[in-house]
Amino acid sequence: KACALNHLDLWVRRGLPGIEFQFPHILGNDVSGVVKEVGEGVANVTLGDRVLVSPGVSCMHCEQCLSGHDNLCRFYHIVGYARPGGYAEYLNVPSVNVLPIPGDLSFVDAAAIPLVFLTAWHMLVTRARLKPGETVLVHAAGSGVGSAAIQIGKLLNARVLATASTEEKLAKAKDLGADEVINYVEQDFAAEARRLTGKRGVDVVVEHTGVSTWEKSVLSLSTNGRLVTCGATTGYKANMDLRHLFARHLNVLGSYMGAKHELLEVLKFFASGQLRAVVDRSMPLTEAAAAHRALEDRNQFGKVVLIP
């Protein structure tokens, strides 16, 4: 029924070092729809169910999977990345990856949730352990992960600072709950983060842009601050002054996707209305090229959703 674009789709389309794909590869990490067929022995879903897809597929029998850390499985991969994705009328996934759409959410909104909210939840809750009253700096408020992290930060009763490149995006970030916003084109975001915290610095930085922001993200942190990263959309060879790391007791945390039980947890807040999908626009699947251009040009706030 619907498939949302992610920057991972752009990386796959461009090609990644060390990863071989047999093209034509079917993109699309975030998917919602209706169950049309079930395999023998499947009991958790039935024909006609309105569902969304947990995008991470793992072996489900190794130590990591059985301990609830399936995103750390040696064989973990993502729908639309190393297996066919949602740019299609039909998608075949393991039944354990199929979850009910919460409440009366539309297929478009449901498709805008799984990957980015799971990623942001794992970053802030599981890895950074953000606490009430702490301050978090969220980069790229108009991105899927950024718009999700703003909401999760406020859900956890933290103070949220958000960066974006235009006044329109900053206004939308405020609407999502950001307490303070920073135009990183016109302002030095590290200097602003320190000013807004009385020169203390922020407790947590949500970093997913990479080389263009890395050094100043480190400078934005308070003593004992935590930088948690899940991506490198502007480049992956970042520099770091190690003196900041050891002298200020900084923590650098890697974060990749999240476990299936975390997605189940975050979905509860959509049923209650405490979190909401952020959709910039929906387009027919035939206009996928134009949708990709919108993401590459950063001409969107939130998700772009394709409808087969």
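Where in the chain is Lys199 found? In this predicted model, Lys199 sits in the loop that runs between α7 (189-196) and β10 (202-207). The backbone of Lys199 is worth a look, as phi is near 70°, a positive value in a residue other than glycine. With a relative accessibility of 69%, Lys199 counts as exposed, because the cut-off for that class is over 50%. A second residue invites the same kind of inspection. Asn157, which is not a glycine either, has a positive phi of about 60°. Asn157 belongs to the loop between α5 (144-155) and β8 (159-164), and a relative accessible area of 55% makes Asn157 exposed. As background for both cases, most residues other than glycine have a negative phi.

The loops just described lead into a parallel sheet. This open sheet has six strands in the order β9-β8-β7-β10-β11-β12, with parallel pairing. At its edges stand β9 (180-183) and β12, each with a single partner strand, so one side of each has no neighbour in the sheet. On average, neighbouring strands here are turned by 20° against each other, direction ignored. At the β12 edge, strand β11 (residues 221-229) pairs with β12 in the parallel sense over four bridges, and Val228 stands opposite Leu253 in β12. Helix α6 (residues 167-176) packs on the sheet, where it touches β8 and β9, and its direction makes about 165° with that of β9. Helix α7 lies across β7 (135-138), β8, β9, β10 and β11, and runs at about 155° to β9.

The other sheet to consider is of mixed pairing. It is open and has six strands, in the order β6-β3-β2-β1-β14-β13. The edge strands are β6 (98-100) and β13 (279-284), each of which pairs on one side only. From one strand to the next, the twist averages 25°. Several pairings can be followed residue by residue. Strand β1 (residues 2-4) pairs with β2 in the antiparallel sense over three bridges, and Ala4 has Asp30 in β2 as its bridge partner. The pairing of β2 with β3 is antiparallel and also built on three bridges; here Val34 is matched with Arg50 in β3. Three bridges then join β3 to β6, again running antiparallel, with Val51 opposite Pro100 in β6. Helix α10 lies across β3 (50-53) and β6, and runs at about 20° to β6.

Two residues around these strands have side-chain contacts that can be picked out by eye. Arg50, the bridge partner of Val34, lies over the face of Phe107, at 4.8 Å from the ring centre. Asn29 is located in the loop between α1 (7-14) and β2 (30-34) and, at 0% relative accessibility, counts as buried. A polar atom of the Asn29 side chain lies 2.8 Å from the backbone oxygen of Val79.

What do the aromatic rings show? A search of the whole structure finds three aromatic pairs, and two of them are described here. In the pair formed by Tyr76 and Tyr256, the ring centres are 6.0 Å apart and the planes stand at 75°, so the arrangement is edge-to-face, a class that needs an angle over 60 degrees. This pair links distant parts of the chain: Tyr76 is in the loop between α2 (63-66) and β5 (77-78), and Tyr256 is in the loop between β12 (251-254) and α10 (260-271), 180 residues apart. Tyr76 is buried, with a relative accessible area of 12%, whereas Tyr256, at 41% relative accessibility, is partly exposed.

The pair of Phe117 and Phe270 is likewise edge-to-face, because the planes of the rings meet at 85°, with centres 4.8 Å apart. Distant parts of the chain are linked here too: Phe117 is in helix α4 (residues 114-127) and Phe270 in helix α10, 153 residues apart. Phe117 has a relative accessible area of 1% and is buried. Phe270 counts as buried as well, at 6% relative accessibility. Helix α10, home to Phe270, is the helix that lies across β3 and β6 in the mixed sheet.

How values were computed. Residues numbered from 1 in each chain as written. Predicted model: local features only at pLDDT ≥ 70, side-chain atom pairs only at ≥ 80, totals over all residues. Heavy atoms only, no water. Phe/Tyr/Trp six-rings, centres within 6.5 Å; stacked < 30°, edge-to-face > 60°. Helix = DSSP H or I, 4+ residues; strand = E, 2+ residues; numbered from the N terminus. Buried < 20%, exposed > 50% of the residue type's maximum accessible area, 1.4 Å probe, protein only. Lys NZ or Arg CZ within 6 Å of the ring centre and 35° of its normal. Polar contact = N/O pair within 3.5 Å; in protein donor to acceptor, adjacent residues only side chain to side chain. Pairing = 2+ DSSP bridges. Axes fitted to C-alpha atoms, helices over the stretch in contact; angles between N-to-C directions. Contact = heavy atoms within 4.5 Å.
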